[in-house]
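Open your viewer, switch on the cartoon view, and get ready to click along. At each stop you will select something and then look at what is there.

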Amino acid sequence: MRSVAEHLGECLAAVGPLPPLVVALPDAVGCVLAEDIAAEADLPIVDLAARDGYAVRAEEVALGLARLPAGEVSLVLPVLGDQLPGVASGISHVEGTCVRIASGAPMPSGADAVIPIEHTDHGEVRVSVTRAVEAGAYVRSRGQDTRAGVTVLPRGIRVGARQIAVLAGLGRGRLAVHPRPRVVVVSIGDELIEPGSSGGVVGGAGGARAAAGAVFDANGHALTTAARDADATTFRVAAVPDERHALRETLEDQMVRADVIVTTGGLSYGAGDTVKDVLGPLGTVRFDNVAISPGRQLGVGTVGDSDTPIFCLPGDPVAAQVAFESFVRPALRKMAGRAGLYRDSVEARVEDGWESPAGRRQFVPVRLSGSLGAGYVAEVCGVPGQPLLTALADANAFAVVPENQTRVAVGDRLYCMVLG
């Protein structure tokens with residue numbers, strides 16, 4: 001039996017970062033930068049007004065207000081004109097005057113501050129100013145955000161809304177990224193039916209249930225969602241029966257659009273399970289009993305002429321999710337060029353006790369509460385050792401019981417893999 005660490009090593013060895021691809025700015029969202037992004041010019045490229053108001057020479061206004069006759073509280077300045085955003089400044093400051101300016105507009109040459117409009121009488125030809133400002137007030141100076149040549153986004157960072165703001169602000173329309181891996185999810189089993197379909201279902205709308213022997217395909221939907229949450233582009237294939245020709249044809253068809261294939265089901269030793277027979281001629285896939293609970297037998301390898309990585313997961317939905325989080329998600333993040341491959345983990349005190357299988361690393365759905373300062377508490381969802389979908393849905397973490405621990409007592413501290 002292989003350890004969890006050994007199987008994880010096999011999964012990571014089967015994949016590598018996808019080659020960089022130059023894409024348009026909108027298509028970079030969710031991808032990892034494959035190049036350092038440096039500013040090609042200062043940002044902003046000129047001094048800009050940060051508020052609506054009047055561009056002035058700060059020292060002149062301060063002196064003018066200081067020299068007002070007793071009883072006067074405002075300084076009257078002639079307005080030379082208007083300066084709007086997007087228009088190159090053709091106005092130069094003239095001593096003793098001002099320019100009415102909009103937020104985001106280039107500052108007139110010679111002006112060094114903006115008096116906010118609320119500190120004036122809003123005049124258009126002449127304006128009354130009631131207070132002084134310091135040089136640089138309400139001005140976004142040239143290069144305040146960044147200077148030309150400075151790296152503003154390093155390679156390896158994931159592109160989200162904040163990074164898009166920087167890229168667009170720098171005028172970058174295209175950039176090199178590691179593309180999101182294309183993941184094809186294939187559920188296998190004669191018993192599987194599509195949720196919402198009529199085949200193999202008894203009962204009416206709102207009260208439908210699977211007929212005896214039939215099972216709704218939870219894995220196809222859940223694993224597709226999990227892969228999408230890991231920043232993959234996903235393709236879900238309708239459930240394939242345990243029939244060799246159908247399964248082989250499906251896998252061969254999907255290789256053309258897959259960077260990685262994930263199968264679920266068909267791994268037991270029953271006569272109807274065809275995965276091993278079909279994958280043997282298609283590539284190099286090894287199947288092992290892995291010391292993990294829930295779950296046991298898993299497969300990893302490559303198939304097809306392009307050596308497409310494939311991960312074979314159990315058919316039980318809870319075991320499939322545990323296997324995905326433990327093995328497949330780190331591999332997908334490696335393919336996407338991510339630096340951090342693994343979920344965060346925290347140590348928590350458990351509020352329940354249970355028996356854990358000897359020699360196997362057990363993953364138990366739990367609900368974490370608490371904080372870093374006060375400490376964390378883990379409440380078991382469902383019954384440990386019973387793979388319950390409702391427990392999985394209630395959980396926000398997996399408590400991980402080491403292989404050499406067969407008994408968990410109330411108050412024990414376990415490391416918990418934080419989900420989401």
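How many bridges join strand β6 to strand β9, and do these strands run antiparallel or parallel? Select residues 75-83 for β6 and residues 126-129 for β9: four bridges join them, and the two strands run antiparallel. Keep in mind as you look that this is a predicted model.

**Stop 1: around β6**

Show proline 78 and look across to β9, where arginine 126 stands opposite. Now add strand β7, residues 98-101. β6 pairs with β7 in the parallel sense, over three bridges. To find one place where they face each other, select glutamine 83, which has isoleucine 101 of β7 opposite.

**Stop 2: a link across the sequence**

Next, turn to charged side chains. The whole structure holds 21 salt bridges, and we will visit some of them. Select arginine 155 and aspartate 36, whose closest N and O atoms are 3.6 Å apart in a salt bridge. Arginine 155 sits in the loop between β11 (151-153) and α3 (161-169), while aspartate 36 sits in the loop between β2 (32-33) and β3 (37-38), so their salt bridge ties together parts 119 residues apart in sequence. Try a surface view here: arginine 155 is exposed, at 52% relative accessible area, whereas aspartate 36 is partly exposed, at 37%.

**Stop 3: arginine 158 and its partner**

Stay in the loop between β11 and α3 and pick arginine 158. Which residue forms a salt bridge with arginine 158? Aspartate 231 does, with the closest N and O atoms 2.6 Å apart. Aspartate 231 lies in the loop between α4 (218-229) and β18 (233-240), and the pair links parts of the chain 73 residues apart. Is aspartate 231 buried or exposed? With a relative accessibility of 12%, aspartate 231 counts as buried, while arginine 158, at 33%, is partly exposed.

**Stop 4: inside a helix**

Select helix α5, residues 244-254, and show arginine 248 and glutamate 252. These two form a salt bridge whose closest N and O atoms are 3.1 Å apart. They are four residues apart in α5, which means that about one helical turn separates them. Both partners are partly exposed: arginine 248 has a relative accessible area of 32%, and glutamate 252 has 36%.

**Last stop: a network**

Finally, select Arg2, Glu10, Arg286 and Asp288 together. Here you can trace a network of salt bridges linking these residues.

Terms used
Residues numbered from 1 in each chain as written. Predicted model: local features only at pLDDT ≥ 70, side-chain atom pairs only at ≥ 80, totals over all residues. Heavy atoms only, no water. Pairing = 2+ DSSP bridges. Salt bridge = Lys/Arg side-chain N within 4 Å of Asp/Glu carboxyl O. Buried < 20%, exposed > 50% of the residue type's maximum accessible area, 1.4 Å probe, protein only.
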